[in-house]
Structures are given as C-alpha cells and as structure tokens.
Amino acid sequence: MTISTTTIKNSYSGDGSTTAFTYTFKITDQDDIDVIIRSSTGTETVKTITTHYTVSGVGSNSGTVTFTSGNIPAS
C-alpha cells in the first residue's frame, strides 16, 4: 500500500506551557513519528514515546503529539 503526502514534518516553537502540537500527515503506527527537540544552542534531542510524549490520531490524516508532565518544550 502506498501512502502519498506532501507534508512529512511539522515544526513548532515551544513556550514552556503548550503541551499539545498537531501533526498534519497520516501515520499508521505511533512509532511512525520521531519527535526531536532543538535547544536554543542548536543541540537536537530525540524524545521517547510514552516517556516524553504520547501520540493520538493514528490512522487519521492528522493528530496530536502531547508532551507529558516535566517534558514540555521550553521557549
């Protein structure tokens, strides 16, 4: 099965309080998403599902990545 899309990523800026970020493409498994946080110095850190965030919308054309308590992206 082929899934075509033109959007393969979404980028957002954290503000220290927003916990939910929408993605605008279809995934078929929650492990299809990589969440990467980039610090103000440019260092990138790959986050871990269920430890740092959860995913909703699997099988839909969009969904939400929600950060868990203590893992909310800073500004």
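In which order do the 3 strands of the open sheet stand? Let's start there. One caution before the answer: this is a predicted model.

The order is β1-β5-β4, and the pairing is antiparallel. β1 and β4, residues 53-56, stand at the edges. Each has a single partner strand, so one side of each is left without a neighbour in the sheet. On average, neighbouring strands here are turned by 20° against each other, direction ignored. As background, strands of a sheet pair through backbone hydrogen bonds, either parallel or antiparallel.

Now take β1 on its own. The strand covers residues 20-23, and its side chains alternate. Phe21 and Tyr23 point to one face and are buried. Ala20 and Thr22 point to the other face and are not buried. The partner of β1 is β5, residues 63-67, and the two pair in the antiparallel sense over 4 bridges. To place yourself on that pairing, find Ala20: Thr66 in β5 stands opposite.

Next, the core. Which residues make up the largest nonpolar core? There are 11. From the early part of the chain come Phe21, Tyr23, Phe25, Ile27, Ile33 and Val35, among them the two buried side chains of β1. The list also includes Ile49, Tyr53, Val55, Val65 and Phe67. β1, β4 and β5 are the elements that give two or more residues to this core. In general, nonpolar side chains tend to be buried together in soluble globular proteins.

Stay with one core member, Ile27. Leaving out residues up to four places away in sequence, Ile27 touches Asp32, Ile33, Val55, Val58, Gly59 and Ser60. Of those, Ile33 and Val55 are also listed in the core.

On to the rings. The structure holds 4 aromatic pairs. One of them joins Tyr12 and Phe21: the centres are 5.5 Å apart, the planes meet at 50°, and the pair is tilted. Are these two buried or exposed? Tyr12 is partly exposed, at 46% relative accessible area. Phe21 counts as buried, at 11%.

Another pair is Tyr23 with Phe25. Their ring centres are 5.3 Å apart and their planes stand at 45°, so this pair is tilted too. Tyr23 counts as buried at 3% relative accessibility. Phe25 counts as buried at 13%. There is also a cluster: Tyr12, Phe21, Tyr53 and Phe67 form one aromatic group.

Last stop, the loop between β3 and β4. β3 is residues 44-46, and Thr50 lies in this loop. What is unusual to look for at Thr50? A positive phi of about 70°, although Thr50 is not a glycine. Thr50 counts as exposed, at 58% relative accessibility.

His52 has its place in that loop as well. Here the relative accessible area is 16%, and His52 is buried. What does His52 contact, leaving aside neighbours within four places in sequence? Lys47, Thr66, Phe67, Thr68 and Asn71. Two names there should ring a bell. Thr66 stands opposite Ala20, and Phe67 belongs to the aromatic cluster.

To recap: the sheet runs β1-β5-β4, the largest nonpolar core has 11 residues, and the loop before β4 holds exposed Thr50 and buried His52.

Notes: Residues are numbered from 1 along each chain as its sequence is written. This is a predicted model: local features need pLDDT of at least 70, side-chain atom pairs count only at pLDDT 80 or more; totals for chains, interfaces and linings use all residues. Side-chain values use heavy atoms; hydrogens and water are left out. Buried means under 20% relative accessible area, exposed over 50%, partly exposed in between (1.4 Å probe, protein chains only). Two strands pair if DSSP finds at least two bridges between them. Axes are lines fitted to C-alpha atoms, for helices over the stretch in contact, and angles run from 0 to 180 degrees between N-to-C directions. Contact means heavy atoms within 4.5 Å. Rings of Phe, Tyr and Trp (its six-membered ring) pair if their centres lie within 6.5 Å; planes under 30 degrees apart count as stacked, over 60 as edge-to-face and the rest as tilted. A nonpolar core is a set of buried Ala, Val, Leu, Ile, Met, Phe, Trp, Tyr and Cys residues joined through side-chain atoms within 4.5 Å.
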